[in-house]
Amino acid sequence: MNASHGSGERAYSSSVARHSDRYIPNLYSRDISVYEAEYQDFIRQALMDLRGLNIPGHTLLWEASRLNGDGLLLDLGVWIGWSTRLLAERSGRRVYGFDTFEGLVEDWQVDDERLVAAGALSISEPFAQRLIEDTGVTVVDGIPSALGRDVEFIKGSTYDTLAPFLDAHPGPIALFHMDLDTYESCLHALETCKERFTVGSILVFDEYLVTNGEMRAFYEFQQKYGFDFAYRAWGLEIMEMNVAMVTDRVKRLIHQVEWFQAQRLLGDGSYVWKLWDKRFWRFWFGAPWGDIRFMLGAIGQRKSVSVEITALGRLGS
Ligand SMILES: C[S@@+](CC[C@H](N)C(=O)[O-])C[C@H]1O[C@@H](n2cnc3c(N)ncnc32)[C@H](O)[C@@H]1O
């Protein structure tokens, strides 16, 4: 079932309709022809592979319940901590969660139009504060509580915390969950962990279909080290689970509405209008029916993808 390939493989199915692999299956439907040919090839191959691997639920939780190898479970970018707690709960294992808890350390250029500024996604923002309260989290010394789960949070920028953490925790990485959002932080984390990846390591990227960010970082990392990998699943991002953790039904509904609005109004707010331009219609009228069906109802929240390392190439050497 897995679509496996290494650095050299470049085979495309003729069954993909003309131009249907030119736009990212998402609300903003990025036109991939802005990229250099090699990266366009990588994206097309990814889309082809992933179309056979879509799952209804959350990619991270799907992987958490299938883990079998020994090794560390890392959650990179945890916000108010629910991805870490749920990962620990589902896997039955200890999870280490990394965050500044003070927001992004650099600007996040999502696509041509949307930029999320450094400092956004701090847990002191009012939106985070209300979710903290409504999901029963407490914060001590700037770190959210474990709430009875087997988690350890490491506060600080991953540029400072990740390497010393790995020095103190030997062994391979079983699961690497990337949710730091930006290209730079993602690439830095991959580079820092490179000697700890092994055959069978699972990498989950929460925002893989943001082609300026995590996918780009993974592509460059894979090209540099020439390892082989197999895509495993394409499903929901884990961050939307924060709202599901609100216990009161009415409050949960209010959060859901606000969540939808926040997604649309990030940045200066003009994104909500740009969304409905030509690219939007290109996706909804031009994409394969399977993509449209899959995206409907998920409000653009299906960007999460997992991969398994199948051969190390120059990793670890
Ligand atoms: C999208 S949120 C994570 C959401 C979380 N996984 C969840 O499901 O609720 C991204 C988080 O990454 C953190 N972050 C981004 N870059 C970072 C870095 N280089 N070091 C530490 N934290 C970082 C931000 O503070 C933010 O909390």
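## Exercises on a predicted model

C193 is buried, at a relative accessible area of 0%. The model is predicted.

**Exercise 1.** Classify C186 and C193 as buried or exposed.

*Solution.* Step 1: take the cut-off. Buried means under 20% relative accessible area. Step 2: read C186. Its relative accessible area is 0%, so C186 is buried. Step 3: read C193. Its value is 0%, so C193 is buried too. Step 4: turn to disulfides. The structure holds 0 of them.

**Exercise 2.** Find which residues come nearest to the ligand, and sort the shell by residue class.

*Solution.* Step 1: list the neighbours. There are 21 residues around the ligand. Step 2: pick out the nearest. They are G77, D99, T158, D179 and N242. Step 3: sort the shell. It divides into 9 nonpolar, 9 polar and 3 charged residues.

**Exercise 3.** Trace polar contacts of the ligand with G77, S185 and L121, then state how much of the ligand the protein buries.

*Solution.* Step 1: start at G77. A backbone N or O atom of this residue lies 2.7 Å from a ligand nitrogen. Step 2: go to S185. An N or O atom in its side chain is 2.9 Å from a nitrogen atom of the ligand. Step 3: go to L121. One of its polar backbone atoms is 3.5 Å from a ligand oxygen. Step 4: check the burial. Taken alone, the ligand exposes 600 Å², and the protein buries 99% of that.

**Exercise 4.** Identify what space the ligand takes.

*Solution.* Look at the cavities. The ligand takes the space of the largest cavity.

Definitions and conventions. Residues numbered from 1 in each chain as written. Predicted model: local features only at pLDDT ≥ 70, side-chain atom pairs only at ≥ 80, totals over all residues. Heavy atoms only, no water. Near = heavy atom within 4 Å. Polar contact = N/O pair within 3.5 Å; in protein donor to acceptor, adjacent residues only side chain to side chain. Areas by Shrake-Rupley, 256 points an atom, 1.4 Å probe, with all protein chains shown as cover. 1 Å grid on protein atoms, 1.4 Å probe; cavity = no way out; pocket = protein on both sides within 12 Å on 5 of 7 lines; lining within 4 Å. Sits in = over half its atoms within 2 Å of the grid points. Nonpolar A, V, L, I, M, F, W, Y, C, P; charged D, E, K, R; others polar. Disulfide = S-S within 2.5 Å. Buried < 20%, exposed > 50% of the residue type's maximum accessible area, 1.4 Å probe, protein only.
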